[in-house]
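Work through the exercises below with the sequence and the model in view. Each task is followed by a solution in steps.

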Amino acid sequence: ELGQVVGTPGALAALHEAGELGQVYLQRHRCGDWGELDADDWRTNDRALREGTRVLSAYPLLTGAKLWIITEWDRSVTTLLLPEEY
């Protein structure tokens with residue numbers, strides 16, 4: 001579950017500038033495609049699904065900006081943000 005989906009102003013602006021839709025990345029995140037993470041972070045996310053901890057995905061946009069998606073441990077909210085907004 002993603003809970004309430006929210007986006008920071010920076011993430012929404014980056015998606016707009018890239019001409020991309022956040023829904024595409026949310027679907028990848030929801031399906032367990034964590035994007036450009038190393039193998040340790042992939043394993044951490046896979047474990048988070050079983051143990052109920054925070055999940056992080058990272059995706060490059062067409063402009064080269066990086067989009068992060070974080071689903072909180074309690075699955076109450078999922079946030080689209082830029083790494084510098086964390």
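## Exercise 1: Thr71 and its surroundings

The side chains of Thr71 and Thr78 are joined by a polar contact of 2.8 Å. (A polar contact is a pair of N or O atoms within 3.5 Å; within protein, one must be able to donate a hydrogen and the other to accept it, and residues adjacent in sequence count only if both atoms are side-chain atoms.) This is a predicted model, in which local features need pLDDT of at least 70 and side-chain atom pairs count only at pLDDT 80 or more, while totals for chains, interfaces and linings use all residues. Residues are numbered from 1 along each chain as its sequence is written, and side-chain values use heavy atoms, with hydrogens and water left out.

Task: find the place of Thr71, state whether Thr71 is buried or exposed, and list what Thr71 touches.

Solution.

1. Thr71 belongs to strand S3, residues 66–71. Helices (H or I, at least four residues) and strands (E, at least two) are DSSP runs, numbered from the N terminus.
2. The relative accessible area of Thr71 is 3%, so Thr71 is buried. Buried means under 20% relative accessible area, exposed over 50%, and partly exposed in between, with a 1.4 Å probe and protein chains only.
3. Another polar contact, of 2.7 Å, links the side chain of Thr71 to that of His29.
4. Leaving out residues up to four places away in sequence, Thr71 touches Glu1, Leu2, His29, Arg54, Val55, Val77 and Thr78. Contact means heavy atoms within 4.5 Å.
5. The strand as a whole fits this picture: five of the six residues of S3 are buried, so S3 is largely enclosed by the rest of the structure.

## Exercise 2: The sheet

Task: work out in which order the four strands form the sheet, and which strands stand at the edges.

Solution.

1. Start from S3 and strand S2 (residues 55–60), which pair in the antiparallel sense over six bridges. Two strands pair if DSSP finds at least two bridges between them. Val55 is the residue opposite Thr71 here.
2. S2 and S3 form a hairpin with five residues between them, and Gly64 in the turn has a positive phi of about 95°.
3. Next take strand S4 (residues 77–81), which runs antiparallel to S3 and is joined to S3 by four bridges. Thr71 stands opposite Thr78 in S4, and Ile70 has Thr79 as its bridge partner.
4. S3 and S4 also form a hairpin with five residues between them; in this turn Arg75 has a positive phi of about 60°.
5. The order of the open sheet is S1-S4-S3-S2, with mixed pairing. Strand S1 (4–7) and S2 are at the edges with a single partner strand each, so one side of each lacks a neighbour in the sheet.
6. Helix H1 (residues 9–18) packs on the sheet and touches S1, S3 and S4, its direction making about 60° with that of S4. Axes are lines fitted to C-alpha atoms, for helices over the stretch in contact, and angles run from 0 to 180 degrees between N-to-C directions.
7. Helix H2 (residues 22–30) lies across S1, S2, S3 and S4, at about 135° to S2.

## Exercise 3: Salt bridges and helix H3

Task: locate the salt bridges of the structure and check the span of H3.

Solution.

1. The structure holds two salt bridges. A salt bridge is a side-chain nitrogen of Lys or Arg within 4 Å of a carboxyl oxygen of Asp or Glu.
2. One joins Arg28 and Asp33, at 2.8 Å from N to O. Arg28 is partly exposed at 30% relative accessibility, and Asp33 is partly exposed at 27%.
3. Asp40 forms a salt bridge with Arg43, with the closest N and O atoms 2.3 Å apart. Both residues lie in helix H3 (residues 39–51), three residues apart, about one turn of the helix.
4. For the span, take 1.5 Å times one less than the number of residues. The 13 residues of H3 should span 18 Å, and the end C-alpha atoms are 18 Å apart, which agrees.
5. At the N-terminal end of H3, Asp38 acts as a cap: a side-chain oxygen lies 3.2 Å from the backbone nitrogen of Asp40.
6. Just after H3, Gly52 takes a positive phi of about 75°.
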